[in-house]
Amino acid sequence: MTDNAIEKELSSQHNTLGELLRSERIKLGLEIKEVVEETRISELNLRAMEEDNYSALPALAFAKGLYTIYAKKLNLDTDTITTRLVQE
């Protein structure tokens, strides 16, 4: 997904970054357990990311890494995702 496509997706259908991540995961037919196994991101962190529960995530530097890994798994542009993370 290109930067512009992600921005349109975020502004039109999804109010938050977490909603976009969850929606893309579902579109790809992926279960949380599959993503945990393939990315090694804990289920707790994945759920926090999809629920925009930033207080449950590690420090921003580590969180950016988690979002980058998850964005790659979902075929999303990593720069756009991490920029949006910092903005939220």
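**A walk through the helices of a predicted model**

The structure shown here is a predicted model, and its protein chain has an average pLDDT of 89, with 84% of the residues scoring at least 70. The confidence varies from element to element: helix α1, which covers residues 3-12, has the lowest mean pLDDT of the chain's elements, at 55, whereas α4 has the highest, at 98.

A good place to begin is helix α5. Its 14 residues should span 20 Å at 1.5 Å a residue, and the C-alpha atoms at its two ends are indeed 20 Å apart, so the expected and the modelled spans agree. Within α5, the buried residues are Ala63, Leu66, Tyr67, Tyr70 and Ala71. When one looks down the axis of α5, these buried residues fall within an arc of 135°, and therefore they line one face of the helix. On the other side of α5, by contrast, Ala61, Phe62 and Lys72 are exposed. The partners of the buried residues of α5 are the helices α2, α3 (32-39), α4 and α6, against which they pack.

Beyond the end of α5 comes Asn75, which has a positive phi, near 60°. The loop between α5 (60-73) and α6 also holds Leu76, which counts as buried because its relative accessibility is 6%, under the cut-off of 20%. Leu76 and Glu24 are 52 residues apart in sequence, yet their C-alpha atoms are 8.7 Å apart in space.

Glu24 leads to helix α2 (residues 17-27), where it is one of the buried residues, together with Leu17, Gly18, Leu20, Leu21, Ser23 and Arg25. After α2 comes Gly29, another residue to examine for its backbone, since its phi is positive, near 75°.

Gly18 of α2 can in turn be related to Ala48, for the two are 30 residues apart in sequence and 8.3 Å apart in space, from C-alpha to C-alpha. Ala48 belongs to helix α4 (residues 43-50) and is buried, with a relative accessible area of 3%. Once its neighbours within four places in sequence are left aside, Ala48 is in contact with Asn53, Ala56 and Leu57.

The last stop is helix α6 (residues 78-87), which contains Thr82. Thr82 is buried, its relative accessible area being 16%, and its side chain reaches the backbone oxygen of Asp79 at 3.2 Å. Apart from its neighbours within four places in sequence, Thr82 is in contact with Lys64 and Thr68.

Technical notes:
Residues are numbered from 1 along each chain as its sequence is written. This is a predicted model: local features need pLDDT of at least 70, side-chain atom pairs count only at pLDDT 80 or more; totals for chains, interfaces and linings use all residues. Side-chain values use heavy atoms; hydrogens and water are left out. Helices (H or I, at least four residues) and strands (E, at least two) are DSSP runs, numbered from the N terminus. Buried means under 20% relative accessible area, exposed over 50%, partly exposed in between (1.4 Å probe, protein chains only). A polar contact is a pair of N or O atoms within 3.5 Å; within protein, one must be able to donate a hydrogen and the other to accept it, and residues adjacent in sequence count only if both atoms are side-chain atoms. Contact means heavy atoms within 4.5 Å. pLDDT is the predictor's confidence in each residue, from 0 to 100. The expected span of a helix is 1.5 Å times one less than its number of residues. The arc is that of the directions from the helix axis to the C-beta atoms.
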